[in-house]
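User: I have a new model open and would like to go through it with you. Can we start with the overall picture and then move to single residues?

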Amino acid sequence: PESHPILPPTYQHPLWYAWDLAVDHIMSQIPQLLNKTAEYNPSTFFPEQLNAFQVWLISAPDINQPPTQLPIILQFLLSQAHRLQALELLGRYLDMGPEAVHAALSVGIFPYVLKLLASKLRELQPILVFIWAKILAVDNGCQSDLVKDGGYKYFISVLADNTMQYEYRTMAAFILSAISKNYQKGKEVCLQNNVISICLAQLDEPNAVLKQWLAICLGRLWYKYDAARWCGVRDSA
């Protein structure tokens, strides 16, 4: 098999040294385990990689050189014990700019964070909304996936939650506006799920940035979509 472009050599990747250390740690315990003189001490490979990623983030890194730990961070998203910390670190990385978002998407972050939108844990809502806002700000092509898999409902629930901080409701409004931007199916699901009435109900909120994105979201929903306009008329927009 061949790849285009050609994959770079990986036999000298720095992670091989970390892997060798993890294997040595396990193998060194075999004699004691066979003699039943000691209990198995689990490998610290994954926690060490998480700590290394955290150190990389605070060390004024070169954003054009993605961290070697980035692919491993995706594995932490599957672990309930480390998921929140991994998401927070991932959010800090994506906040570094478009280059970071493209690097994360290139290693396969998308299906992981899409699957997490099915989570009912409230503690994950702020960071998931933050991460998706960063992704859609760079790559608006995710619209169809959010509509097809029903992920848009997650952001509607966040926007409709008046107990949620303004910052995250604003991001949810931005995400819904991105889903509706020049995408008919996105407009249709937003209309069907009462996004117009949710936005109108919050236009009296004191936060100016929230109101700005509510208005943008409404504008994108109404653009060249008569059914949404009539809905606005009925709701006394």
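User: What percentage of the 237 residues count as buried?
Analyst: The figure is 41% of the 237 residues of the protein. Keep in mind that this is a predicted model.

User: How many helices and how many strands?
Analyst: The protein has 15 helices and zero strands.

User: What radius of gyration does the protein have, against that of a compact globule of 237 residues?
Analyst: The protein has 22 Å, while a compact globule of 237 residues would be near 18 Å. Along the principal axes, the C-alpha trace spans about 75 × 45 × 35 Å.

User: And what share of the contacts joins residues at least 24 apart?
Analyst: That share is 66%, taken among contacts between residues at least 6 apart in sequence.

User: Surface next. What area does the protein expose, and how much do carbon and sulfur supply?
Analyst: About 13,600 Å² is exposed, and carbon and sulfur atoms supply 56% of that area.

User: Charges: how many positive and negative side chains?
Analyst: There are 18 positive and 20 negative side chains. The centres of the two sets lie 10 Å apart.

User: How many salt bridges does the structure hold?
Analyst: Four. One of them pairs K134 with D95, with the closest N and O atoms 2.7 Å apart.

User: Which parts does that K134 and D95 pair tie together?
Analyst: K134 lies in helix α8 (residues 125–138), and D95 is in the loop between α5 (83–94) and α6 (98–106), so the salt bridge ties together parts that are 39 residues apart in sequence. K134 is partly exposed at 25% relative accessible area. D95 also counts as partly exposed, at 46%.

User: What does R122 pair with?
Analyst: R122 meets D161 in a salt bridge, 2.6 Å from N to O. This pair links distant parts of the chain, 39 residues apart. R122 sits in the loop between α7 (109–115) and α8, and D161 in the loop between α10 (152–160) and α11 (166–180).

User: Is D161 buried or exposed?
Analyst: D161 is buried, with a relative accessible area of 17%. Its partner R122 is partly exposed at 44%.

User: Then R229 and D226. What is the N to O distance there?
Analyst: The closest N and O atoms of R229 and D226 are 3.2 Å apart.

User: Where do R229 and D226 sit relative to each other?
Analyst: R229 and D226 are both in helix α15 (residues 226–234), and because they are three residues apart, about one helical turn separates them. R229 is partly exposed, with a relative accessible area of 39%. D226 is partly exposed as well, at 48%.

User: Change of topic. Which residues is T170 in contact with, leaving aside neighbours within four places in sequence?
Analyst: Those are N207, V209, L210 and W213. T170 itself lies in helix α11 and is buried, with a relative accessible area of 9%.

User: And I216, where does that lie?
Analyst: I216 is in helix α14 (residues 208–222). I216 is partly exposed, at 26% relative accessible area, so under the 20% cut-off for buried it does not qualify.

User: How far apart are the C-alpha atoms of I216 and F174?
Analyst: They are separated by 8.0 Å, with the two residues 42 apart along the chain.

User: Backbone checks now. Which residues does the cis peptide bond join?
Analyst: The cis bond joins H4 and P5, with omega about 0°. P5 is placed in the segment before α1 (15–27).

User: What is phi for N194?
Analyst: Phi of N194 is near 65°, a positive value in a residue other than glycine. N194 is in the loop between α12 (184–192) and α13 (195–201). The relative accessible area of N194 is 48%, which makes this residue partly exposed.

User: And K224, what phi does that have?
Analyst: K224 has a positive phi of about 55°, although K224 is not a glycine. The residue lies in the loop between α14 and α15.

User: Is K224 buried or exposed?
Analyst: K224 is exposed, with a relative accessible area of 62%.

Conventions: Residues are numbered from 1 along each chain as its sequence is written. This is a predicted model: local features need pLDDT of at least 70, side-chain atom pairs count only at pLDDT 80 or more; totals for chains, interfaces and linings use all residues. Side-chain values use heavy atoms; hydrogens and water are left out. Helices (H or I, at least four residues) and strands (E, at least two) are DSSP runs, numbered from the N terminus. The radius of gyration is taken over C-alpha atoms; the globule rule is 2.2 Å times the number of residues to the power 0.38. Buried means under 20% relative accessible area, exposed over 50%, partly exposed in between (1.4 Å probe, protein chains only). Contact means heavy atoms within 4.5 Å. Accessible areas come from the Shrake-Rupley method with a 1.4 Å probe; for residues, only the protein chains shown count as cover. Lys and Arg count as positive and Asp and Glu as negative; His and the chain ends are not counted. The place of a charge is taken as NZ of Lys, CZ of Arg, CG of Asp or CD of Glu. A salt bridge is a side-chain nitrogen of Lys or Arg within 4 Å of a carboxyl oxygen of Asp or Glu.
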